[in-house]
Amino acid sequence: MVIEATVTWVAWRKRQWREWLVVNVLIAGLALVIAGWWFVRNQILYGEPTGFEKLTELWGVRDPRDSFGLAIHELPYVWTSLWGRFGYGQIPLPNGFYWGLFLLALVAVAGYGVALVRRRTAELRAVAPSLILLALNVVVFFGVIFNYLLVSPAGPMGRFFFPALSSLAILLFYGLSLWLPGSSDGKQSSGKTLAWITVLAMAAFSVVALFGYLAPAYARPDSFDAADSLPNPVDIQFDSFVKLRGYAVDRSGPAGRAD
């Protein structure tokens with residue numbers, strides 16, 4: 001939808017309708033080559049091209065008339081899983097990370113208001129078509145996620161927003177850059193500094209998330225000698241991979257822990 005809106009807008013602005021037709025044929029052809037087999041497969045296996053009916057058989061289905069409040073309640077989970085919530089959501093990062101990113105997003109959005117207060121309307125007008133298309137991409141995929149939340153308990157996953165993540169990143173960064181004062185040269189220099197700060201901060205965030213939270217959660221567990229006394233002794237063999245000899249439950253963490 002967003003790609004089509006972009007192509008149509010360019011064709012209308014430049015009166016290039018022949019090129020519009022060629023591009024649409026290319027888009028349809030590429031979509032057919034990349035994803036056409038998937039829809040054919042679903043039709044053959046499940047009797048409908050999307051596979052959604054089969055998904056609802058596995059996860060259940062919600063009535064949209066009754067699930068609006070629940071969908072709103074699950075939006076924070078969508079936000080946290082967008083930035084980093086490992087495993088199947090049971091390994092979160094500290095809430096401070098998520099709140100910090102949310103506040104940063106609010107500051108970026110406020111930057112557009114600051115630009116209007118500073119009467120930088122000419123600058124905004126020059127990039128308005130691009131901003132509108134980027135915002136349209138964000139709105140479309142937010143709508144996709146929210147509608148999925150209304151009909152499926154498997155909906156609150158930030159990964160469904162990934163196709164619009166680049167648009168969101170550009171909009172947020174541009175909003176942050178609108179806080180920068182000064183002349184054009186000064187803003188360009190400050191913009192480069194802001195870009196480096198953003199890249200390094202997100203790289204640090206990734207490293208901390210990977211080595212501070214994900215890696216410890218999947219670290220090799222402690223080993224015990226056969227003669228060691230373990231709490232709650234059991235003797236359960238899981239196929240040929242592991243034997244559970246005992247366990248202890250710690251409820252002090254956000255998701256608990258079993259050894």
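**Exercise 1. Place Ile44 in the structure and decide whether Ile44 is buried or exposed.**

Ile44 belongs to helix α2, which covers residues 17-46. The model is a predicted one, and the accessibility used in the next step is computed from it. The relative accessibility of Ile44 is 68%, and because the cut-off for an exposed residue is over 50%, Ile44 counts as exposed. As a last step, look at what surrounds this side chain on the surface: Ile44, together with Val40, Leu45 and Tyr46, makes a nonpolar surface patch of about 410 Å².

**Exercise 2. Find where helix α6 bends, and state which elements cover its buried residues.**

Begin with the course of the helix: α6 runs over residues 121-151 and bends by about 60 degrees at Ala128, with a proline, Pro129, following within four residues. Next, pick out the buried positions of α6, among them Leu124, Leu131, Asn137, Phe146, Tyr148 and Val151. Finally, ask what lies over them: the cover includes α1 (2-14), α3, α4, α5 (95-117) and α7 (165-177).

**Exercise 3. Describe the surroundings of Ser67, and say whether Ser67 is buried or exposed.**

Ser67 is found in the loop that joins α3, residues 52-59, to α4, residues 68-83. Its relative accessible area is 3%, and since buried means under 20%, Ser67 is buried. If residues up to four places away in sequence are set aside, Ser67 touches Arg62 and Leu150. Of these two partners, Leu150 is one of the buried residues of α6, while Arg62 leads on to the salt bridges of the next exercise.

**Exercise 4. State how many salt bridges the structure holds, and work through the pairs that involve Glu74, Arg65 and Glu123.**

The structure holds five salt bridges, and three of them are taken here in turn.

- Glu74 pairs with Arg62, their closest N and O atoms being 2.8 Å apart. This pair links distant parts of the chain, for Glu74 sits in helix α4 and Arg62 in the loop between α3 and α4, twelve residues apart. Both partners are buried.
- Arg65 and Asp63 meet through their side chains, with an N to O distance of 2.8 Å. Arg65 is exposed at a relative accessible area of 73%, whereas Asp63 is partly exposed at 28%.
- Glu123 pairs with Arg120, and here the closest N and O atoms are 3.0 Å apart. Glu123 is partly exposed, with a relative accessible area of 27%, whereas Arg120, at 13% relative accessibility, counts as buried.

**Exercise 5. Identify the backbone nitrogens that the side chains of Ser81 and Ser152 reach.**

Take Ser81 before Ser152. Ser81 lies in helix α4 and, at 14% relative accessibility, counts as buried. Leaving out residues up to four places away in sequence, Ser81 touches Pro156, Met157 and Gly158, and its side chain reaches the backbone nitrogen of Gly158 at 2.7 Å.

Turn now to Ser152, which is placed in the loop between α6 and α7. With a relative accessibility of 1%, Ser152 also counts as buried, and the backbone nitrogen that its side chain reaches is that of Ala154, at 3.1 Å.

Note on methods
Residues are numbered from 1 along each chain as its sequence is written. This is a predicted model: local features need pLDDT of at least 70, side-chain atom pairs count only at pLDDT 80 or more; totals for chains, interfaces and linings use all residues. Side-chain values use heavy atoms; hydrogens and water are left out. Helices (H or I, at least four residues) and strands (E, at least two) are DSSP runs, numbered from the N terminus. Buried means under 20% relative accessible area, exposed over 50%, partly exposed in between (1.4 Å probe, protein chains only). Contact means heavy atoms within 4.5 Å. Patches are made of residues with over 30% relative accessible area and no salt bridge: like charges are joined within 9 Å, nonpolar side chains (Val, Leu, Ile, Met, Phe, Trp, Tyr) within 5 Å. Accessible areas come from the Shrake-Rupley method with a 1.4 Å probe; for residues, only the protein chains shown count as cover. A salt bridge is a side-chain nitrogen of Lys or Arg within 4 Å of a carboxyl oxygen of Asp or Glu. The bend at a residue is the angle between axes fitted to the seven residues ending there and the seven starting there. A polar contact is a pair of N or O atoms within 3.5 Å; within protein, one must be able to donate a hydrogen and the other to accept it, and residues adjacent in sequence count only if both atoms are side-chain atoms.
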